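Biologist: Please take a close look at a single part of this model, one loop and the strand that follows. I would like to know how that part relates to the sheet and to the nonpolar core.

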Amino acid sequence: MRVVVGLLLLLLGLCGSGAQGEAGGLGEVAEINQNTDPKHAAEESTEQTTKQTTSDVWTELRALRDMVVELNVHMELLQRENSDLQTRLSSSESRTDQLERENAEKPKVAFYTALTNAGHLGPYNTDITLKYSKVFTNIGNAYNPSTGFFTAPVKGVYYLQFTVFGFKAGYIAVHVYKNNQRIMYNVEKNNEDWVHQYFTNSLVLELTAGDEIHLVLPTSCSIYDNSNNYSTFSGSLLFTL
Ligand SMILES: *[C@@H]1O[C@H](CO)[C@@H](O)[C@H](O)[C@H]1NC(C)=O
């Protein structure tokens, strides 16, 4: 860009001096034309040379003018491109700022818990809410160990997973509840005591802020956990909606 401007200034300078030369040249030609004495052959030859020179200068000037016009066009294009780039740069800068702000404000939700160190739970003659009391991860505090409820803090898509371990003869089961509604039932049967029985299941749920998820141990079923973290419940926010 600087080179182009420099070149342009140089050319404009040349044009200025060329124009002065042109005026002088024309004056000379007029003067010489008045002199029609055939005796002045040498002067005529000078006249020819002057005419030739004048026409060369004109040709040169026209070429220079064309170049200047061309450079002007080129410069205008460059200026337009430059202002386009400026516009695009500032719009992408503000987009970056916006994304950074959104990312900083994005809620972070993740929890991971295990049921108990107490061993067998159940069977009972009623459904009971499972309160996973060992809380290992609880980013965003959306899981409450005193109720066993996970509460979605924002509208979004959530991933939830649980593993149930049974160690007693009979049914090993877990219900999944969304608010007051059962949305999943899982069951296994152990034919004898002290047999390791596992199942894992997961859900991807679209929840609105305030929706609650909890797990229930159904009537007559049992579940087992100890310090080995056999029975776990975890979840995270995949993305907001
Ligand atoms: C149970 O999980 C906790 C947290 O991850 C860990 O500190 C502990 O060692 C685990 N227990 C066993 C037996 O792995």
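Modeller: The loop between strand S12 (223–225) and S13 holds Asn 229. This is a predicted model. Asn 229 has a phi near 60°, a positive value in a residue other than glycine. Its relative accessible area is 29%; because buried means under 20% and exposed over 50%, Asn 229 counts as partly exposed.

After the loop comes strand S13, which spans residues 232–240. S13 belongs to an open sheet of 5 strands, in the order S4-S1-S13-S7-S10, with antiparallel pairing. The edge strands are S4 (134–139) and S10 (197–207), each of which pairs on one side only. On average, neighbouring strands of this sheet are turned by 10° against each other, direction ignored. Within the sheet, S7 (residues 156–166) and S10 pair in the antiparallel sense over 11 bridges, and Thr 163 stands opposite Thr 200 in S10.

S13 also supplies at least two residues of the largest nonpolar core, as do S7, S8 (170–178), S10 and S11 (212–217). That core has 29 residues, and Phe 150, Phe 162 and Phe 233 are those with the most contacts inside it. Leaving aside residues up to four places away in sequence, Phe 233 touches Phe 111, Tyr 112, Thr 113, Tyr 132, Tyr 143, Gly 148, Leu 160, Gln 161, Phe 162, Ile 213 and Leu 215. In soluble globular proteins, nonpolar side chains tend to be buried together.

Technical notes:
Residues are numbered from 1 along each chain as its sequence is written. This is a predicted model: local features need pLDDT of at least 70, side-chain atom pairs count only at pLDDT 80 or more; totals for chains, interfaces and linings use all residues. Side-chain values use heavy atoms; hydrogens and water are left out. Two strands pair if DSSP finds at least two bridges between them. Helices (H or I, at least four residues) and strands (E, at least two) are DSSP runs, numbered from the N terminus. Axes are lines fitted to C-alpha atoms, for helices over the stretch in contact, and angles run from 0 to 180 degrees between N-to-C directions. A nonpolar core is a set of buried Ala, Val, Leu, Ile, Met, Phe, Trp, Tyr and Cys residues joined through side-chain atoms within 4.5 Å. Buried means under 20% relative accessible area, exposed over 50%, partly exposed in between (1.4 Å probe, protein chains only). Contact means heavy atoms within 4.5 Å.
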